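Biologist: Could you take me on a close look at a single part of this model? I am new to this, so please go step by step.

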Amino acid sequence: SSPLPLIFPDMRIPEVKVRVLGAGGGGEDKSIHELFKGKKSLLFAVPGAFTPICSEKHLPGFLAAHDKLKAEGIEIIACLSVNDPFVMAAWAKQQQVEEKIAMIADGNGIFTEAVGQLVDETSYEMGMRSERYAAVFNESLECIFFGKDELSFADNVLEFLASQRAPCRARRSRGLAVPVELADEDLQRWDVARVGELFGEHSLGVL
């Protein structure tokens, strides 16, 4: 089974500083907690700027879905990677991000480690990087959706947001996603392969 992610419903975003890039390539050090406070927010993290899936699907997918995400009530969309600010700024320019997505450089991996998503990619000559994931937070900074790998792409996030307006059946996946009604006692026995068995017809977003 996959390890438990530390971003779970009712858990708060850690107040650690990251570099939030400006539209002109500058930026400021602030916490994601500050950035998201009082807003319905979406954070997606990628293993690396300029890497194939991140550049061809993950970031472009959220750029293409920008207007639909806004229509679903998302006030801020942010992309995080364990890269330095210069690389993130160059990637944002290449992808024509402009002001649609806040680009976040977690260069030292402090935030990523704090939320349990730091992964050793030294075998790929990439050092320590972030897992691929997406999370939606409400105005109180509570995580209401968490998806990893294939569940972290824009279409799955949109499906989850739409499910908030209509019932949604659970289905199994090799990725991770967190049900909003997950009880404390179930956190200790979370296993992706047992999602259907444990939760049956519960509304689980995009599992």
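Modeller: Let's start with a pairing: L43 has A135 as its bridge partner in strand 8. Please keep in mind that this is a predicted model. The two strands involved, strand 3 and strand 8 (residues 133–137), run in the antiparallel sense and are joined over five bridges. Strand 3 also pairs with strand 4, but here the sense is parallel, over six bridges. In that second pairing, V46 stands opposite S81 of strand 4.

Now look at where the side chains of strand 3 go. S41, L43 and A45 point one way, while L42, F44 and V46 point the other way, and all are buried. Buried here means under 20% relative accessible area. Since six of the six residues of strand 3 are buried, the strand is largely enclosed by the rest of the structure.

What surrounds it? One neighbour is S130, which belongs to strand 7 (residues 128–130). S130 has a relative accessible area of 1%, so it is buried. Setting aside residues within four places in sequence, S130 is in contact with A45 and V46, and also with P47, V82, T112, Q117 and V119.

V46 leads us to another residue, C54, in helix 2. Again leaving aside neighbours within four places in sequence, the contacts of C54 include V46, P47, G48, W91 and R132. C54 counts as buried, at 1% relative accessibility. The UniProt record, an unreviewed entry, places the feature "active site" at C54.

W91 then takes us to helix 4 (residues 85–94), where the buried residues are M88, W91 and A92. Seen down the helix axis, these buried residues fall within an arc of 100°, so they line one face of helix 4. They pack against strand 3 (41–46), and also against strand 1 (17–21), helix 2 (52–64), strand 4 (76–81) and strand 5 (102–105). Turn to the face of helix 4 directed away from its buried side, and you find the exposed residues F86 and K93.

The two ends of helix 4 deserve a glance too. At its start, a side-chain oxygen of D84 comes to within 2.9 Å of the backbone nitrogen of F86. Just after the helix, Q96 adopts a positive phi of about 55°.

To retrace our path: we began with L43 and A135, met S130 through its contacts with A45 and V46, and went by way of C54 and its contact with W91 to the buried face of helix 4.

Technical notes:
Residues numbered from 1 in each chain as written. Predicted model: local features only at pLDDT ≥ 70, side-chain atom pairs only at ≥ 80, totals over all residues. Heavy atoms only, no water. Buried < 20%, exposed > 50% of the residue type's maximum accessible area, 1.4 Å probe, protein only. Helix = DSSP H or I, 4+ residues; strand = E, 2+ residues; numbered from the N terminus. Arc of directions from axis to C-beta. Contact = heavy atoms within 4.5 Å. Polar contact = N/O pair within 3.5 Å; in protein donor to acceptor, adjacent residues only side chain to side chain. Pairing = 2+ DSSP bridges. UniProt positions renumbered as here; feature names shortened; annotations may be inferred.
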